Amino acid sequence: MKQNRPDIAVVTVNYNGLETTTQMLQSLFAALAGCPYPFRVWVVDNGSKTNEAAVLAQRFPQIEAIRSEENRGFAGGNNLAMEKTDADFILLLNNDIIVRNDFVTPLVRRFEQDDRAGIVSPKILDYETGTVQFAGYTTNRLMTRITNPAFGKKDSERFSTAVQTPFAHGAALMIRKSVIDRIGPMSLRYFLYFEELDWSVKAVRAGYRIWMEPASQVLHHGSRTVGGLSRLKIYYNTRNRLIFARETLPSRTAWRSFVFQLFFSLPKNCVRYMRNGQKRLIGPAIRGAVDFLRGKEGYAPYAHRSRP
């Protein structure tokens with residue numbers, strides 16, 4: 001790390017979200033105008049229908065814009081930029097994040113206060129309501145229930161203390177480059193959802209701590225790329241939760257997790273979708289489980305052909 005002034009690479013992935021990414025970049029450069037740390041911004045256009053990288057580079061000449069002709073997923077898009085930088089810290093931001101002040105300095109200070117800090121996420125607030133979207137996760141032994149206790153609650157002093165968390169939040173996280181050098185880039189097994197959770201587990205097992213730093217705050221629109229409770233989201237969440245258990249749990253515990261997910265959670269969710277008039281979600285949930293059993297990973301054409 002450079003003495004006193006570590007440098008930062010900010011990475012965001014754009015997918016058919018030109019105006020959303022533009023809003024994020026406008027807020028980012030305005031908020032960090034007085035940031036004491038040197039930073040560069042990388043934007044990966046992840047297989048958009050048109051070359052939005054070229055448009056963004058024209059609007060923001062100070063960014064490094066990368067065009068990928070294919071959609072590489074969340075991990076693949078971020079990895080594409082991360083492999084090109086040697087910055088001390090890498091800050092991943094969803095393109096639907098909005099910032100209003102210097103949120104970077106508190107993140108760096110958390111790393112300076114804890115030599116074992118490997119990843120730090122800011123507190124994330126809902127852009128529309130101001131309620132909390134993230135102030136730390138909890139989980140259980142089988143990794144079948146990853147909970148976000150603060151979600152949807154009014155922001156208060158209760159969520160204003162830095163806490164260790166088993167996982168960082170993928171919408172906004174800062175990681176030491178040295179941690180990536182040790183544990184590797186994000187896994188391409190998932191394509192969408194669970195990549196940052198998998199990464200977090202690897203970091204913790206390598207001896208690092210993960211923090212939620214409330215002095216750093218960002219606003220998050222949420223689900224602008226994939227929508228709300230969509231068939232695509234249900235498919236990847238169902239399949240990838242099973243992959244996540246296989247990849248991160250001891251074999252005996254993983255099998256218990258599989259049994260719980262396949263014979264309790266999956267039927268329960270399908271019944272809930274039926275009762276809530278969401279029968280369209282049953283097929284993607286079942287297909288996600290079946291594809292896991294078939295060993296399918298990464299990009300799933302089925303999910304992207306599905307109706308919203």
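Q: How many residues does helix H8 have, and what does it reach from its first C-alpha to its last?
A: This is a predicted model. In it, H8 covers residues 251-275, which is 25 residues, and reaches 35 Å between its first and last C-alpha. That is close to the 36 Å expected at 1.5 Å a residue.

Q: Where is the kink in H8 centred?
A: On Gln261, with a kink of about 35°. Gln261 is also one of the buried residues of H8.

Q: Which other residues of H8 are buried?
A: Thr253, Ala254, Ser257 and Phe258 are among them. Further along, the list includes Leu262, Ser265, Leu266, Cys270 and Tyr273.

Q: What do the buried residues of H8 pack against?
A: Two helices: H7, residues 231-248, and H9, residues 282-293.

Q: And what does Gly277 do just after H8?
A: Gly277 takes a positive phi there, of about 70°.

Q: Switching to charges. How many salt bridges are found in the whole structure?
A: The search finds 15. One of them joins Glu213 and Arg110, with the closest N and O atoms 2.9 Å apart.

Q: Where do Glu213 and Arg110 lie?
A: Glu213 is in strand S10 (residues 209-220) and Arg110 is in helix H4 (residues 104-113), so the salt bridge ties together parts that are 103 residues apart in sequence.

Q: Is that pair buried or exposed?
A: Buried on both sides. Glu213 has 7% relative accessibility, and Arg110 has a relative accessible area of 15%. The cut-off for buried is under 20%.

Q: What else does Arg110 lie over?
A: The face of Trp211, at 4.6 Å from the ring centre. Arg287 is placed in a similar way over the face of Tyr302, at 4.4 Å from the ring centre.

Q: Which residue does Asp155 meet in a salt bridge?
A: Lys123, at 2.8 Å from N to O. Asp155 is in the loop between strand S7 (132-134) and strand S8 (163-164), while Lys123 is in strand S6 (residues 117-126), so this pair ties together parts that are 32 residues apart in sequence.

Q: Buried or exposed, for those two?
A: Asp155 is partly exposed, at 27% relative accessible area. Lys123 is buried, at 1%.

Q: Leaving out residues up to four places away in sequence, what does Lys123 touch?
A: Its contacts include Phe134, Ser156, Phe159 and Ser160, along with Asp155. Lys123 also touches Met212, Glu213, Pro214, Ser216, Gln217 and Val218. Glu213 is the residue that forms the salt bridge with Arg110.

Q: What separates the C-alpha atoms of Lys123 and Thr165?
A: They are separated by 12 Å, and the two residues are 42 apart along the chain.

Q: Which residues are linked with Arg189 in a network of salt bridges?
A: Arg246, Glu247 and Glu297. The side chains of Arg189 and Glu297 meet at 2.9 Å, N to O. Arg189 is in the loop between helix H5 (177-183) and helix H6 (195-205), and Glu297 is in the loop between H9 and helix H10 (301-305), so the pair ties together parts that are 108 residues apart in sequence.

Q: How do Arg189 and Glu297 count for accessibility?
A: Arg189 counts as partly exposed at 32%, and Glu297 counts as partly exposed at 30%.

Q: Now rings. How many aromatic pairs does the structure hold?
A: It holds 14. In one of them, the rings of Phe191 and Tyr299 have centres 5.2 Å apart and planes at 70°, so the pair is edge-to-face.

Q: Where do Phe191 and Tyr299 lie?
A: Phe191 is in the loop between H5 and H6, and Tyr299 is in the loop between H9 and H10, so the pair ties together parts 108 residues apart in sequence. Phe191 is buried, with a relative accessible area of 6%, whereas Tyr299 is partly exposed at 45%.

Q: What about Phe194 and Phe244?
A: They form a tilted pair, 5.5 Å centre to centre with 45° between the planes. Phe194 is in the loop between H5 and H6 and Phe244 is in helix H7, 50 residues apart. Phe194 counts as buried at 5% relative accessibility, and Phe244 is buried at 0%.

Q: Which residues form one aromatic cluster with them?
A: Phe134, Tyr137 and Phe167 join Phe194 and Phe244 in that cluster. Phe134 is also one of the residues that Lys123 touches.

Notes
Residues numbered from 1 in each chain as written. Predicted model: local features only at pLDDT ≥ 70, side-chain atom pairs only at ≥ 80, totals over all residues. Heavy atoms only, no water. Helix = DSSP H or I, 4+ residues; strand = E, 2+ residues; numbered from the N terminus. Expected span 1.5 Å × (residues − 1). Bend = angle between axes of the 7 residues up to and from the residue. Buried < 20%, exposed > 50% of the residue type's maximum accessible area, 1.4 Å probe, protein only. Contact = heavy atoms within 4.5 Å. Salt bridge = Lys/Arg side-chain N within 4 Å of Asp/Glu carboxyl O. Phe/Tyr/Trp six-rings, centres within 6.5 Å; stacked < 30°, edge-to-face > 60°. Lys NZ or Arg CZ within 6 Å of the ring centre and 35° of its normal.
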